[in-house]
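Visitor: I've got a structure open and I'd like to learn how to read it. Could you walk me through it?

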Amino acid sequence: MAVDLLLGLQWGDEGKGKIVDVLTSKYNIIARFQGGPNAGHTLEFDGIKHVLRTIPSGIFHDKSINVIGNGVVIDPVVFVQELDGLDQFNLDYKSKLIISRKAHVILPTHRLLDAASETSKGKAKIGSTLKGIGPTYMDKTGRNGIRVGDLELDHWKDKYRALANKHEAMIGFYNVDIQYNLKELEEEFFSAVERLKKLQFIDSEEYLNQAIKNGKPILAEGAQGSLLDIDFGTYPFVTSSNTTASGACTGLGVAPNKIGEVFGIFKAYTTRVGSGPFPTELFDKTGAEMARIGHEFGAVTGRPRRCGWLDLVALKYACQVNGVTQLSMMKGDVLSGFKTLKVCTAYNYKGKTITHLPYNIESENVTPIYTEFKGWKEDLTKMRHVSEFPSELNDYIEFLEKELEIPITIVSVGPDRTQTINRG
């Protein structure tokens, strides 16, 4: 039995949580492999909207076990808030939710460091969510971090104190005005840790590999998007972990030859939150209309998302890096009513036409080259079968499949789990 992957192929916010929710019934285990509470997976069903930050999107299914892998960074305070949100639905998460001992813990001072660092950059800031993600991964690679397994040790608070003291000294180095009450933050943090410790901690690599041997189907769930990958994204405007397929191997402890299907998720257009290059970004009424219809605001941060036409150059790149085998196109319904649609099929890069993603895609180097399509007027949100699709939508999908050389097996026409049409 192989591990299937589900990944975002743009700058995040593609709708991964919904597709995980749709696919979960086929899997025994849903495993999150990287990122932290800066990621927000939105699920909508039975008239209720749910936003998950760290907890895998299979938590609402009775039969699925949800694993938080070693590649994830966990903020106990935010995690407890998520648990509180689940309590109203009477979910038995104590038996369905398990955490890797090797996952790293976000401390209050990590968040303070994040704020100090971002403030010190001024206009050059990268658009951090200020959740402490970057500083936590820095401590991980610097071999200073505190891991979930450390919380089981009698004297883990001594290790905490040493690291927090180091962080406070570093905050002073930035020489910015950051107001905080660490004692108050620590009270909340230590209380949350005690509740976290009531959940089951596991050696996740052993657990998952045994599950593979026993034939249990596993779906690995990514956070953020491929263009935010620390190695292959639009650096430095990226996250601090590997959001691509390779991150599932290091973030869960499964071998590359155990990977099966790679489900890639993309929007029918493109969005981006925060700073960084965005070749197809629209600054006109069309972009504003996309944002309005698509409710383009961050699930966790609430920040408005920048909107633009679909960038096939970047999408091909993401498919290549991830080895995508199946595609899901999200938010096709948002494009209803636009008279003309555009897809970027190449770049004018320093005077030359190229079809690959270059090292630098800043606007001074890259101008998108578009192919135009006739739009459709029909409301897709009421459609439940591919036979109902307007011909213009079919033309759009078939063009993308031909260019990407990967089948688009799912088309989403609304936020609810029922508004998901299978083309496979």
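**Gaps, a helix and some odd angles**

Guide: Sure, and keep in mind that this is a predicted model. Let's start with empty space: there is one cavity of 30 Å³ or more.

Visitor: What volume does the largest cavity have?

Guide: Rolling a probe the size of a water molecule over the atoms shows where empty space is left. For the largest cavity, that space comes to about 40 Å³.

Visitor: How do the residues lining the largest cavity divide into nonpolar, polar and charged?

Guide: The lining is made up of Leu9, Gln10, Trp11, Leu227, Thr270, Asp311, Ala314 and Leu315. Sorted by type, one of the lining residues is charged, two are polar and five are nonpolar.

Visitor: Now for pockets. Which residues are closest to the centre of the second largest pocket?

Guide: The second largest pocket holds about 300 Å³ of space. Its lining counts ten nonpolar, three polar and two charged residues. Of the 15 residues in that lining, the closest to the centre are Gly233, Thr234, Tyr235, Tyr359 and Asn360.

Visitor: Which residue does a cis peptide bond join to Tyr235?

Guide: Most residues other than glycine have a negative phi, and most peptide bonds are trans. Here omega is about 5°, and the bond is cis. The partner sits in the loop between strand 10 (218-221) and helix 9 (245-252). The residue joined to Tyr235 is Pro236.

Visitor: Let's try a helix. Why are the buried residues of helix 10 on the same side?

Guide: Helix 10 covers residues 285-293, and its buried residues are Gly287, Met290 and Ala291. They sit on the same side of helix 10 because, around the axis, they cover an arc of only 95°.

Visitor: Which residues are exposed on the other side of helix 10?

Guide: The buried residues have a cover that includes strand 13 (306-308). Over on the other side of helix 10, the exposed residues are Lys285 and Arg292.

Visitor: At the start of helix 10, which backbone nitrogen does a side-chain oxygen of Asp284 reach?

Guide: Look at the side chain of Asp284, at the start of helix 10. One of its oxygens comes to within 3.2 Å of the backbone nitrogen of Thr286.

Visitor: And just after helix 10, what phi does His295 take?

Guide: His295 lies in the loop between helix 10 and strand 13. With a relative accessible area of 62%, His295 is exposed. Although His295 is not a glycine, its phi is positive, at about 50°.

Visitor: Glu405 has a positive phi too. Is Glu405 buried or exposed?

Guide: Glu405, in the loop between helix 12 (391-404) and strand 19 (408-412), has a phi of about 60° and is not a glycine. The cut-off for exposed is over 50% relative accessible area. Glu405 has 71% relative accessibility, so it counts as exposed.

Visitor: One last spot: how far apart are the C-alpha atoms of Ser25 and Leu7?

Guide: You'll find Ser25 in the loop between helix 1 (16-23) and strand 2 (29-32). Ser25 is exposed, at 62% relative accessible area. Ser25 and Leu7 are 18 residues apart along the chain, and their C-alpha atoms are separated by 18 Å.

Methods
Residues are numbered from 1 along each chain as its sequence is written. This is a predicted model: local features need pLDDT of at least 70, side-chain atom pairs count only at pLDDT 80 or more; totals for chains, interfaces and linings use all residues. Side-chain values use heavy atoms; hydrogens and water are left out. Buried means under 20% relative accessible area, exposed over 50%, partly exposed in between (1.4 Å probe, protein chains only). Helices (H or I, at least four residues) and strands (E, at least two) are DSSP runs, numbered from the N terminus. The arc is that of the directions from the helix axis to the C-beta atoms. Contact means heavy atoms within 4.5 Å. A polar contact is a pair of N or O atoms within 3.5 Å; within protein, one must be able to donate a hydrogen and the other to accept it, and residues adjacent in sequence count only if both atoms are side-chain atoms. On a 1 Å grid over the protein atoms alone, a cavity is a set of points where a 1.4 Å probe fits but cannot get out, and a pocket is an open set with protein on both sides within 12 Å along at least five of seven lines; lining residues have an atom within 4 Å of a point. Grid points are joined across faces, edges and corners, and a volume is the space filled by probe spheres set on the points. Ala, Val, Leu, Ile, Met, Phe, Trp, Tyr, Cys and Pro count as nonpolar, Asp, Glu, Lys and Arg as charged, and the others, Gly among them, as polar.
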